[in-house]
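Student: I have a structure open and I'd like to quiz you on it. Shall we go through a few spots together?

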Amino acid sequence: MAEKFDVIVVGAGMAGNAAAYTLAKAGVNVLQIERGEYAGSKNVQGGILYAQAVEALIPEFRESAPLERHIIEQRIWVLNDKSYIGTHFRSDNFNEERPNRYTLVRAQFDKWLNGEVKKAGATVITETTVLELLKDETGKVNGVRCDRENGEVRADCVILCDGVNALVGSRSGVRKEINSKEVALAVKEMHFLPRDVINERFNIQESEGVVIEILGTVTEGMLGTGFIYTNGESLSVGIGVIVSDLMKNRINPSTLLEKMKSHPSVAPLLKGSEVKEYSAHLLPEGGYDSVPELSGNGWMVCGDSAHLLNAIHREGSNMALTSGRLAAETYLELRDKGQPINAENLKKYNQKLENSFVLKDLKKYRRMPHIMLENKQFVTMYPDLLAGAAETLLRVDGVDKKTKEKKITKDFRSARGIFGLVGDAFKLVRAWR
Amino acid sequence: MTQTQSQKIEEKLYQNRYRVEEGKPHITIVPEKATAQELKMMAAICPAACYEETENGKVEIIPDGCLECGTCRVVCQGTGSLTWNYPSGGYGILFKFG
């Protein structure tokens, strides 16, 4: 490949497709390189899609994108072994003309979005793995090397959207490696059921959807969450735990998933389903303090590869789409002004992210990953205390309510101590602000 | 008979589609580091059960069922016990749903 491109985009996930689409639409000579057989074949997501981030690229995406269900109800369950206690929020306001959140089947969505990228005029090559960045004699990045014969391709700018493992950047010496405390390992199964069975079990109609986020003893005291998302004719069922906790406890995440599936509150939802795929994926959950250098001399990094994920709100795809688009817009601005693609000018991409919800939200919760890692009581002790309190209050057994309240207070105090309780409340409030 | 953890995982992997590049595993163990603690951790936590600790305390890997999550790469980082690359373009796991 002797041809030279304006921009090379590494990867065809959310970030890569957003970047390549934005560039191609503006007439840039862009090459997108994907290691999978087709865009999407290597990509895994829960997954929830946030419409705003797609609309910013393709306002009429709802007409052609493969969307599963629009979400009208969010459940948060705190599980102990026998119970769950939780909050549900459901609103008919989410049944709107342009719904806000959708469930998606990631491989199919990426295939569609990459089709739009091709239609916009980008050159897309698949089945090709990018190995490292190429640099000129001044150290400026000016291309990539792929696992093909004569696999060197040149460009003025490289946008790295190569996913959470971010091998291209770290092997080219432009970024630090990820570590086991800042990534979660999630496993997921696709459970197929007829549409009307899903609708009945989840109390929904037509293409309405429900998401359930699960905390508690299903993670065996480790930091993590489970989830059940309703797709059109399947349920995405998964669980993720921070890798350093898995290392300490030597528990396989698939064992946790089996345990969650057999929980008395979960099993009836899955009954009779046919499992058609099993996947595993790392999630970058270190938050703001884990975000690497976002740009340098001739390159920018987006999406999971840039550790842009809000673990508290389960937002990742929107951050990937937005960062990919902003990287492309940065390039376009420099091109239009005739300014060189160097480290100083590409800092504009960092500023764009700082000014957007992407880094604002990560900054807001920057303490949260550290606090959760160091205070396991939030996932070990509190689920049992909360479930115990609820059961004590609800069970009518001749004991007066004041005695019941005293018992609950005593349970909490003997479990954590008064200072522990106040301290935990303080930590959470402080991390939330 | 109750199934072992790796048998259960193997059953799950049957649902998946793979294109395996014969004779070119994308992850290999460095022989002289095959007893590393981190590799033994992987025998417990690899979601595709690719790692197995043998009777002599050494860990072996067969990455045919690998889901390409990268966990072993992160866990074994800095130990020199693993060579890790993505499969050649087009090979490895092929997610239909992802």
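**A buried asparagine, a helix pair and some cysteines**

Student: Is A:Asn114 buried or exposed?

Tutor: First, a note: this is a predicted model, where local features need pLDDT of at least 70, side-chain atom pairs count only at pLDDT 80 or more, and totals for chains, interfaces and linings use all residues. Residues are numbered from 1 along each chain as written, chains are lettered from A and ligands numbered from 1 in written order, and side-chain values use heavy atoms, leaving out hydrogens and water. Now, A:Asn114 has a relative accessible area of 2%, and under 20% means buried, over 50% exposed and in between partly exposed (1.4 Å probe, protein chains only). So A:Asn114 is buried.

Student: Which side chain makes a polar contact with the side chain of A:Asn114?

Tutor: A polar contact is a pair of N or O atoms within 3.5 Å; within protein, one must be able to donate a hydrogen and the other to accept it, and residues adjacent in sequence count only if both atoms are side-chain atoms. At 2.8 Å, the partner is A:Gln32.

Student: Why does A:Cys146 have no bond to the closest cysteine sulfur?

Tutor: A disulfide needs two cysteine sulfur atoms within 2.5 Å. The closest cysteine sulfur, in A:Cys161, is too far for a bond, because the distance is 15 Å.

Student: And how far is the sulfur of B:Cys66 from the closest cysteine sulfur?

Tutor: B:Cys66 is buried, with a relative accessible area of 11%. Its closest cysteine sulfur is in B:Cys50, too far for a bond, at 5.1 Å.

Student: How many disulfides are there over all chains?

Tutor: By the sulfur distance rule, the count over all chains comes to 0.
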